[in-house]
Amino acid sequence: MSSRMATCCISCSMPDPVKLIIDTDPGIDDAMAIFHAAAAPDIDLLGLTSIFGNVTTAKATRNALRLVEAAGLHCPVARGAERPLVLPPFPPSAKVHGEEGFGDIPAEEPTGRAVGESAAAFLVRMARNHAGELVVCPIGPLTNIAEALRLDPDFARNVKRIVIMGGSLEDGGNITPYAEANIYHDPHAADEVFASGAPITLVGLDVTHQILCPAEDFAGIAADAPRLGGMLQEMSRFYLRFYESVGKFGGCSLHDPAAVIACAHPELFTTRPVPLCVVCEGAAIGATVADESGTRLPVEVCMGVQAEAVKQVFRDTLALLP
Ligand code: RIB
Ligand code: CA
């Protein structure tokens with residue numbers, strides 16, 4: 001349930017909404033995920049943190065604020081890291097998401113501003129204040145999460161779970177033959193996160209490539225929710241054109257929405273526990289592979305998904321938007 005729509009539910013049997021922070025590089029599928037979280041009755045969106053990836057950190061922060069304002073949310077946005085931990089920045093994914101991040105939708109300045117705290121400091125403080133309850137859902141490169149772990153050794157224990165959109169165990173890559181984009185943009189950060197011992201679920205290409213939305217789905221979303229669903233439909237045209245340009249005609253993958261949906265609906269996914277590490281050099285840089293050191297805790301890697309059920313949750317939830 002978003003802070004915009006929060007109501008108390010003492011007498012009913014509904015579980016408490018998931019307290020969620022989304023770490024994001026908006027991004028077309030990030031916008032879909034954030035609007036989903038804004039509308040979901042089972043999610044309490046406590047804030048957004050921004051990161052480079054699909055766009056620069058400056059544009060990601062601007063776009064996150066824009067989405068918050070469009071959805072009528074009142075949650076804070078904290079600005080994240082400007083560059084990867086070790087590597088030089090990789091160019092933003094303009095051909096997938098457009099120069100400004102939302103396909104053909106032109107840039108627009110929000111009226112609000114990011115909070116004074118950095119993304120890492122905000123994550124650390126919120127995890128302490130909501131110890132054992134806060135779910136963090138990174139849907140961009142993992143630099144802010146690695147910085148939060150460096151800032152506070154208790155961060156890994158304070159979070160309830162980190163549900164990451166990224167990586168791939170058996171499905172190959174999408175930015176290189178080996179690497180998924182979010183992990184590729186900062187492999188050293190991702191490796192630190194997997195080594196942290198935090199409870200982690202990985203929603204990677206093994207499942208997101210099974211959840212496809214064609215243009216007709218976005219037409220339905222726009223019909224159900226003309227203003228915000230219409231905005232997503234407009235963005236999706238650019239995204240679908242990119243997919244078609246690489247020979248994928250069945251629709252675009254719901255990468256980031258799948259991770260947000262996994263936070264509130266883990267029952268729609270099956271997982272395999274695998275200790276993970278990230279290749280940090282050579283041709284396979286950014287690949288997520290099983291760690292053989294015997295020192296790392298397993299990550300719950302999503303390997304199966306009820307794709308139609310995930311799409312239904314997505315459609316039904318977005319239909320609650322204006
Ligand atoms: O590989 C998919 C991921 O890369 C998504 O988070 C998408 O937004 C891009 O950042
Ligand atoms: Ca993203």
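## Exercises on a calcium site and the packing of helix α1

In this predicted model, Asp25 is a buried residue, its relative accessible area being 1%.

**Exercise 1.** Determine which protein atoms act as donors to the calcium ion (ligand 2), and work out where Asp25 and Ile139 lie relative to the strands and helices.

*Solution.* Begin with the donors, which are an OD atom of Asp25, two OD entries from Asp30, the O atom of Ile139 and an OD atom of Asp256, at distances of 2.2 to 2.6 Å from the ion. Next, write the spacing of these donor residues along the sequence, which gives D-x4-D-x108-I-x116-D. Then place two of them: Asp25 belongs to the loop between β1 (18–24) and α1, and Ile139 to the loop between β4 (134–138) and α5 (143–151), so this pair ties together parts that are 114 residues apart in sequence. Finally, consider accessibility: for Ile139 the relative accessible area is 1%, and since buried means under 20%, Ile139 is buried.

**Exercise 2.** Describe how helix α1 packs against helix α11, giving the angle, the axis distance and the residues involved.

*Solution.* The axes of α1 (residues 28–39) and α11 (residues 228–245) are 9 Å apart and make an angle of about 160°. Angles over 145 degrees count as roughly antiparallel, and therefore α1 and α11 are assigned to that class. Their crossing is left-handed. On the α1 side the contact is made by Ile28, Asp29, Ala31, Met32 and Phe35, while α11 contributes Leu228, Met231, Leu232, Met235, Ser236, Phe238 and Tyr239. Sorted by class, the residues of this contact comprise 10 nonpolar, one polar and one charged.

**Exercise 3.** Carry out the corresponding analysis for α1 and helix α12.

*Solution.* For α1 and α12 (residues 255–264), the packing angle is about 30° and the axes are 7 Å apart. Because angles under 35 degrees count as roughly parallel, α1 and α12 are roughly parallel to each other, and their crossing is right-handed. From α1, the residues Asp29, Asp30, Met32, Ala33, His36 and Ala37 meet His255, Asp256, Pro257, Val260 and Ile261 of α12. The class count for this contact is six nonpolar, two polar and three charged residues. Asp30 and Asp256, which take part in this contact, are also among the donors of the calcium ion.

**Exercise 4.** Which geometry, cis or trans, does the peptide bond from Pro26 to Gly27 have?

*Solution.* As a reference point, most peptide bonds are trans. The bond from Pro26 to Gly27 has omega near -15° and is cis, and Gly27 is located in the loop between β1 and α1.

Notes. Residues are numbered from 1 along each chain as its sequence is written. Chains are lettered from A and ligands numbered from 1 in the order in which they are written. This is a predicted model: local features need pLDDT of at least 70, side-chain atom pairs count only at pLDDT 80 or more; totals for chains, interfaces and linings use all residues. Side-chain values use heavy atoms; hydrogens and water are left out. Axes are lines fitted to C-alpha atoms, for helices over the stretch in contact, and angles run from 0 to 180 degrees between N-to-C directions. Helices (H or I, at least four residues) and strands (E, at least two) are DSSP runs, numbered from the N terminus. Angles under 35 degrees count as roughly parallel, over 145 as roughly antiparallel, 65 to 115 as roughly perpendicular and the rest as oblique. A crossing is left-handed if the near helix is turned anticlockwise from the far one by less than a right angle, and right-handed if clockwise. Contact means heavy atoms within 4.5 Å. Ala, Val, Leu, Ile, Met, Phe, Trp, Tyr, Cys and Pro count as nonpolar, Asp, Glu, Lys and Arg as charged, and the others, Gly among them, as polar. Donors are N, O and S atoms within 2.8 Å of the metal (3.2 Å for Na, K and Ca); water is not among the atoms, so sites may look incomplete. Buried means under 20% relative accessible area, exposed over 50%, partly exposed in between (1.4 Å probe, protein chains only).
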